[in-house]
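I'm starting a fresh notebook page for a structure I haven't looked at before. The plan is to look things up one at a time and jot down what turns up.

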Amino acid sequence: MPPAHRLMTACITLAGGATCLSLGFPGLRSSPWAIVALAGTAAVVAGVLFHRSAHRWPWPAIAAGLAVFAAGGTDAQVREGSRPDARRPDASPLLTVWASGVGWRRRLGRALPRLLNAPREGPRTEGEAYFRTLLSSTSDVVLVLDDSTVRYASPAARTLFARSEVTGTALRELVAPEDRERVDRMLAALEDDPGCEVHDQWGVPRQGGRIEVQAHWRDLRADETVGGLVVTLRDVTEQRRLECELSHRAFHDPVTGLPNRALLLERLGRALLREGREPALVCVLFIDLDDFGTVNQTLGHAAGDRILKAVGGRLSRTLRRTDTAARLGGDEFAVLVEEARRPADAELLAAQVIQALDRPFQLPGGAVRISASVGIATALDSTDADQLLMCAGLAVHAAKSAGKRQWRRFVPRLRVRVTERHELRTRLDRAIAGEEFALRYQPVVDITQGQVIGFEALARWPQARQGLVSPGRFIPLAEETGHITPLGTWVLRKAVADMARLQQTAGGAVAPYISVNVSGLQWQDRHFLDEVSRAVEMPGLAPGSLQLELTESVLVRRDDRLDSVIRSLKELGVRIAVDDFGTGFSSLRYLRDFPVDILKIDKTYIDDIPWDPRQAALVRGIVRLARTLGLQIIAEGIEQRGQRDLLTAMGCRFGQGYLFARPLTVEQSAIALRRHYGDGPGPDDPGRDAR
C-alpha cells in the first residue's frame, strides 16, 4: 500500500446490546469482544454486516452513508479471519477492509454518529441508553458545565441539590456561600491548566444544615463529544461525620469529654513554641484526686465516673477561656495555662482548683467529698512538652506526700526523690516476696495503774545497707502499689502468732490483746474475712483478744458489704477500734450506727493539752462523748507526765506513747507484761531510752 494512503479503522462490536468503538473516532465507546473493522466501499460493508450480525442498528442507512463518504476510495481489500481471544474461544469472525483516501477518516468520523442515530427517537444509541441507566441508578452526581453554568446534570442532582431543575444554573449558586470562592478558584485553575484534573470539597446548603460533597473536576472541553467541564460530586456527609467522631474519640476522654493526654501534649507543644516569641509564660497544673480509688471500690465505678465528669465540669468553669483542662487517665487531670505572666498566677489557679474540688459532690446515694493535690511546673523548668508534664507530675507527688489537699511547685531536687522512690519500690517488691519485714509492739497501758493491757502491732522494714526504712515512706508506697494487702495479711498472721506465745508466757495472769491496723484496701478485699477467721483460730490465742483498727475515711465510705464484714467479725469476737479519731470527716451518726468498741484519740489532740485550755476542753468533750456512747477511749502519743495526769483527771483510762515505752520486740514485750509502770519505767525498763 502506498505510503500516502492511510489505514482507516472504525470498529463496531457485533455482540448483542454492545456499543460502538472508534479508534480515533470521538464519541464512540469500546468493547472487548469481536470487532469488524470498516473502511472502503459501502457495498462490501453492508453485505458483511447483514451477513455476520443480527444487530438492530440501521445498517442500510449506514451503508448508504458510507457509500457517499467513501466515494473516491481505491485499492479496497477484504481480509477475513478470526480474532483469537482466550476469554472468548468462540470469537466472532473478523472482517478487515483496507481502503485508501486522504479525507475519508475525518468525514466518516463526523458522519458515522449521525448515521447510527438517524432513524431513532429518544436516546441516541442503545449504548447511550445503557449509560443513562447507569447514571440514574447511582447516587453520585455528574455535571457538565459550559464555562461555569450547568449544561447537563445526572438524575441524582435533583436529590442532592433539592431542586427540580439544575441545568442552566451557575455552579457557584448551588454550593454553600462560604464555599463559592473555592469554586471560583477551581475554575481559574482549569483555565490556567486546561486538561488537568482537580479535587475539592464543598458544602451544599440544606434546610437546617449542609451536605458535605467531594468534587472531582475534569476538563473535557477539547473532547468533541463532551465539550465542557465534567464535575463529579459524591455525598460524603456521613463519612465526614464518622471521621470527625473518630478524631474526637482519639483526642478526647470518653467519660468527661475533656481533651486527653495526646491532645494536651499537642497543645502544650504548640504553646511552648509560641512561648519564645510572646511574653506570656506557659504553665502546667497536674491534678490528682486524693484517695479516689476508694470511691470506686466502695461506691462502684458508675459513681466514680459521675464524679470524674463533675470534676471535669468544675475545672472547666474555674479556668479562663484560653486555658485547657484535660483528663490524663484514672483520677489524674491537667490544666494548660498559656497566658500566665508569672509563676504566681499558676499558684493562684492551683489554690482555686483545690477549693473548687473540695466542695461535696452530689450523687443519687448522697453527697461524697473528695480532695485534690496539685503539682505546678512552668516553661522555666523545661521547654519539652513531655518533660514539663513529668515535672508537674513530680510536684503533685510531693504535694500528696506533704499531706494532700495542697499544691507544690516543681523544684529540681524532686528528680532525685523520684529516682529514690523508684528504687524504694523495687526493693519493696522484693521485701514483700521475701517477707523481709519485722514487727514491733507498742504497749497499751492502763494509765491509772501502769499495767500493760495490750499491744499495737507496728510493721518495720530493716535494711542491711540503708538501715531502718521509715513507715512513713513504705506504708504509703505499699498502699499506692497494692502491696498493702499482702503486707497486711503477713502482719495479721505474725501478730496473732506472737501474741499467742506472749499470752502463754504470761502464765495466764493476764491476757493482753493485740491490735492490728487494717487499710481501706484490706477492708474491701474479698479474702479479708477468711484471713481474720483463720487468725482468731490460732492455737493459744485467748478468745476476744484480737482488735482491728480502721480509719475514719473507711467509716465515711461504708457500704452494705463493709457492714456485713463488720457484723461477721463481731460474731468472731473481734473488737473494732477507730484509729486517729478527729483527723478525718466522720460524724456522730457513724459512731452511733457503726458497731465500734474503741476510739483512739490522735496524738495531735494530746500534744498541747497541758498549756492549751481549748485543746484540753476539746479532748474532755471527746472523752465524755465516748463514755456516753459506751465506747472505750485510748489516748495516743502520751509523752509527758503532765499529759498523763490531765487525761486521768478527764476520765481517760487507757493510753499509749513514749512515756511508757517505745515499740518493743516480742522478747521485750514479754518482759513488759510482767511489770507495772506506776509513775514511769524503772531503770531496767525496755522503754526507758524513749525519753
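**Entry 1: a residue to start from**

I began with Arg 567, which sits in helix α19, residues 560-571. Before going on, a reminder to myself: this is a predicted model.

Is Arg 567 buried or exposed? Neither, quite: its relative accessible area is 49%, so I noted Arg 567 as partly exposed. The cut-off for exposed is over 50%.

Next I looked for something far along the chain that comes back to this spot. Pro 595 is 28 residues away from Arg 567 in sequence, and the two C-alpha atoms are 7.9 Å apart.

**Entry 2: what α19 packs against**

Staying with α19, I checked its pairing with α17. Their axes come within 11 Å and cross at roughly 10°. Angles under 35 degrees count as roughly parallel, so α17 is roughly parallel to α19.

Which residues meet there? From α17 I wrote down Phe 528, Leu 529 and Val 532, and from α19 Val 565, Ser 568 and Leu 569. By class, this contact of α17 with α19 has five nonpolar residues, one polar and no charged.

**Entry 3: cavities**

Phe 528 turned up again when I looked for enclosed spaces, as one of the residues lining the largest cavity. How many cavities of 30 Å³ or more does the structure hold? I found three. The largest has a volume of about 50 Å³.

Here is the full lining of that largest cavity: Thr 485, Gly 488, Thr 489, Leu 492, Gln 522, Asp 525, Phe 528 and Glu 531. Two helices, α15 (484-505) and α17 (528-536), each give at least two of these residues. The largest share is from α15, with four residues.

I sorted the lining by class too: two residues are nonpolar, four are polar and two are charged.

**Entry 4: α12 and α13**

On to another helix pair. For two packed helices, the things to write down are the angle between the axes and the distance between them.

Helix α12 covers residues 385-401 and helix α13 covers 413-434; their axes come within 10 Å and cross at roughly 75°. The range for roughly perpendicular is 65 to 115 degrees, and α12 and α13 are therefore roughly perpendicular to each other.

On the α12 side I listed Gln 387, Met 390, Cys 391, Leu 394, Ala 395 and Ala 398, and on the α13 side Leu 414, Arg 415 and Val 418. That contact of α12 with α13 has seven nonpolar residues, one polar and one charged.

After α12, I stopped at Arg 405, which lies in the loop between α12 and β17 (407-409). Its phi caught my eye: near 55°, a positive value, and Arg 405 is not a glycine. With 35% relative accessibility, Arg 405 counts as partly exposed.

**Entry 5: another positive phi, then α9 and α10**

Asp 291 also has a positive phi, about 55°, without being a glycine. Where is Asp 291? I placed it in the loop between β11 (281-290) and α9. Its relative accessibility is 38%, so Asp 291 goes down as partly exposed.

I then followed the chain into α9. Helix α9 (residues 292-299) and helix α10 (residues 301-318) pack with their axes 7 Å apart, at an angle of about 140°. That makes α9 oblique to α10, because roughly antiparallel would need an angle over 145.

The α9 residues in this contact are Phe 292, Val 295, Asn 296 and Leu 299, while α10 brings His 301, Ala 303, Gly 304, Ile 307 and Leu 308. Six of the residues in the contact of α9 with α10 are nonpolar, three are polar and none are charged.

**Entry 6: a buried phenylalanine**

Last residue of the day: Phe 654, in strand β26 (residues 654-655). Buried or exposed? Phe 654 is buried, at 11% relative accessible area.

Its C-alpha atom is 7.0 Å from that of Val 444, although the two are 210 residues apart along the chain. Leaving out residues up to four places away in sequence, Phe 654 touches Val 445, Asp 446, Ile 447, Ile 453, Gln 632, Ile 633, Ile 634 and Ala 635.

**Entry 7: the whole protein**

I finished by zooming out. The protein has 24 helices and 26 strands. Of its 691 residues, 46% are buried. Among contacts with a separation of 6 or more, 62% are between residues 24 or more positions apart.

Key: Residues numbered from 1 in each chain as written. Predicted model: local features only at pLDDT ≥ 70, side-chain atom pairs only at ≥ 80, totals over all residues. Heavy atoms only, no water. Axes fitted to C-alpha atoms, helices over the stretch in contact; angles between N-to-C directions. Contact = heavy atoms within 4.5 Å. Nonpolar A, V, L, I, M, F, W, Y, C, P; charged D, E, K, R; others polar. 1 Å grid on protein atoms, 1.4 Å probe; cavity = no way out; pocket = protein on both sides within 12 Å on 5 of 7 lines; lining within 4 Å. Points joined across faces, edges and corners; volume = space filled by probe spheres on them. Buried < 20%, exposed > 50% of the residue type's maximum accessible area, 1.4 Å probe, protein only.
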